[in-house]
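Subject: The structure I promised you

Hi there,

Here is the structure we talked about. Have a look at it first, and then read on for what turned up in it.

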Amino acid sequence: MSFASPLFLWFFTPLVLLAVLVAPRHWRNGIVAFASLLFYTVGAGPSTILLLLCMVVNFLVGPYLEPDEWDTNRRRRRNLLYAVVGLDVAILVIWKYAGFATEQIAGFMRLFGGDFPVIELLLPIGISFYTFHHISYVVDIYRGERPALRQPVAFVTYIAMFPQLVAGPIVRYREIADQLPQLRTHRLDDIAAGFPRFALGLCKKVIIADSLSPVVEQCFTTPADEMTFAIAWLGAIAYTLQLYFDFSGYSDMAIGLGRMLGFRLPENFARPYSSVTVTEFWRRWHMSLSRWFRDYVYIPLGGNRSGPGRTYRNLFIVFVLTGLWHGANWTFLVWGLFHGALLIMERGFGWEHAPTDRRARVGRRALTLLLVCLGWVFFRAADMGQALVMIGHMLLPDFTGLTAEVDTALNNQALVTLLIALAVVFLPAAPVTGPMLESSRTRTASALRVAVMVPGMLWAAILVATGTFSPFLYYQF
């Protein structure tokens, strides 16, 4: 069930919000938990069993990971933590990467005339996200940062909360543990604050991202012998914008929905294309993923405490995992290595801090955006061959122009949308629109709220009704 589908927008969400609004306060978690499992079951079908199994195991283990007053059972707790995290990771690896791994082995065996069976498993929706939620839950309990949940309904509410279940933001347990007790009182205030944020995300997704989708698809599926400099750059730029508006739109919708239900979910984007360095980009892009890897991988590995060599090693490991987390394909691994190498270079040469000179900042910002745009080609390409063909044409100018198919996809509506979307590249780093819509009382914020809730929502609703929306890009991860 997509956030941008009529079923979700006009039936599921209003009914859930109505139930939360009129029911007694202590029913909130139960309503959200039931609605979340229903939401997931509609989209995932039998894969729901895997989610339920993971939840049962992690919930039952949780209380045994809590340290006592003198932490006399540390070794037992550590071994239990390793076991449950190992199980969570094993489930993710098997369902997400077994097919890719066996396909590589089979390809190698065919070189020598051999054969090897390829495993084909249906990838459960949101498995990367709920696996990270489970790991955060048990690790935060083990560290003594938050107590284990004793109520199954509260645990299901955290893990399966439908606004963030299938595509984030990734909510660390310690960020939401204090919100799970049902102490909320201002329900209408929450809805009033969350709805404009939700409307903003829907407009980003349906009006902008989906309008760019045909252009991106046509550019990236252009045969290698027809690829040109113009098509390659058009595809890269259009995808750079589509991915941002699609994923940040989903995040805005998730955060807005969470707020309407009484939860404060963490921010996920902060104008990433205004970054002056790649290091800053990763502080602004998919921030919840960056924070997760920092807290549960980078810092436990030693962070930057043991000298440059260890720091570079830790960054390398984090970005290998970041690439693989996004998908079982060589393109994602190369994309992760590309960004890891850029971060290591910035640290090695002392470039991770933005320059103070205005002209230097403009140049560094343009260079950062260029590098990010090149990286997105690997992220979007179906395979390494397609990615290298596009990169090659991006680096070698020609005057061939667009094919008829690409020119048809780049109609007047798509062209205008592309130009409007490009404005995000030139916006300043602050203020960030989403949080401003929720909390700011300035005239600018009020005008923007009216714009997204009246003409924006009306236009988006018409597009949804005509069936022109497409699945969110991050659903595949």
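Let's start with the aromatic rings: the count of aromatic pairs comes to 38. Bear in mind that this is a predicted model, so everything below is computed from it.

One of those pairs is W282 with W335. Their ring centres are 5.8 Å apart and the planes meet at 55°, so this pair counts as tilted: under 30 degrees would make it stacked and over 60 edge-to-face. Where do the two residues sit? W282 belongs to helix 10 (residues 278-284), while W335 is part of helix 13 (residues 330-349), so the pair ties together parts that are 53 residues apart in sequence. Both W282 and W335 are buried.

Now try F349 and W351. Is this pair stacked or tilted? The ring centres lie 4.8 Å apart with the planes at 20°, so it is stacked. As for the surroundings, F349 is exposed, with a relative accessible area of 55%, and W351 counts as partly exposed at 42%. The dividing mark here is 50%, which is why the two get separate labels.

Rings also turn up with charges over them. The charged end of K96 sits over the ring of W325, 5.5 Å from the ring's centre. R380 has its charged end over the ring of F220, and there the distance to the centre is 4.9 Å.

Next, the empty space. Rolling a probe the size of a water molecule over the atoms shows where such space is left. The largest pocket has a volume of about 730 Å³, and 34 residues line it. If you want to find its centre on screen, look for L200, K204, I208, F245 and T433, which lie nearest to it. The elements that each give two or more residues to this lining are helix 8 (187-220), helix 9 (229-260), helix 17 (412-421), helix 18 (423-426), helix 19 (433-439) and helix 20 (443-465). Helix 8 provides the largest share, with seven residues. What is the lining of the largest pocket made of, by class? There are 20 nonpolar residues, nine polar and five charged.

There is also one cavity of 30 Å³ or more, and about 40 Å³ of space lies in it. The residues lining this largest cavity are P272, Y273, S275, F281, R365, T368, L369 and V372. By class they divide into five nonpolar, two polar and one charged. Which helix gives the largest share of that lining? Helix 14 (residues 358-380) does, with four residues.

One loop residue is worth a click too. L265 is in the loop between helix 9 and helix 10, and with a relative accessible area of 7% it is buried. L265 and V425 are 160 residues apart in sequence, and their C-alpha atoms are 26 Å apart in space.

Finally, something from a record. The unreviewed UniProt entry annotates residues 38-60, 80-98, 118-139, 227-245, 315-345, 366-395, 415-438 and 450-474 as "transmembrane region". I checked two of these spans against the model. Residues 227-245 are 89% helix and 0% strand, with their end C-alpha atoms 26 Å apart. For residues 415-438 the end C-alpha atoms lie 31 Å apart, and the span is 71% helix and 0% strand.

Have fun exploring!

Conventions
Residues numbered from 1 in each chain as written. Predicted model: local features only at pLDDT ≥ 70, side-chain atom pairs only at ≥ 80, totals over all residues. Heavy atoms only, no water. UniProt positions renumbered as here; feature names shortened; annotations may be inferred. 1 Å grid on protein atoms, 1.4 Å probe; cavity = no way out; pocket = protein on both sides within 12 Å on 5 of 7 lines; lining within 4 Å. Points joined across faces, edges and corners; volume = space filled by probe spheres on them. Nonpolar A, V, L, I, M, F, W, Y, C, P; charged D, E, K, R; others polar. Phe/Tyr/Trp six-rings, centres within 6.5 Å; stacked < 30°, edge-to-face > 60°. Buried < 20%, exposed > 50% of the residue type's maximum accessible area, 1.4 Å probe, protein only. Lys NZ or Arg CZ within 6 Å of the ring centre and 35° of its normal.
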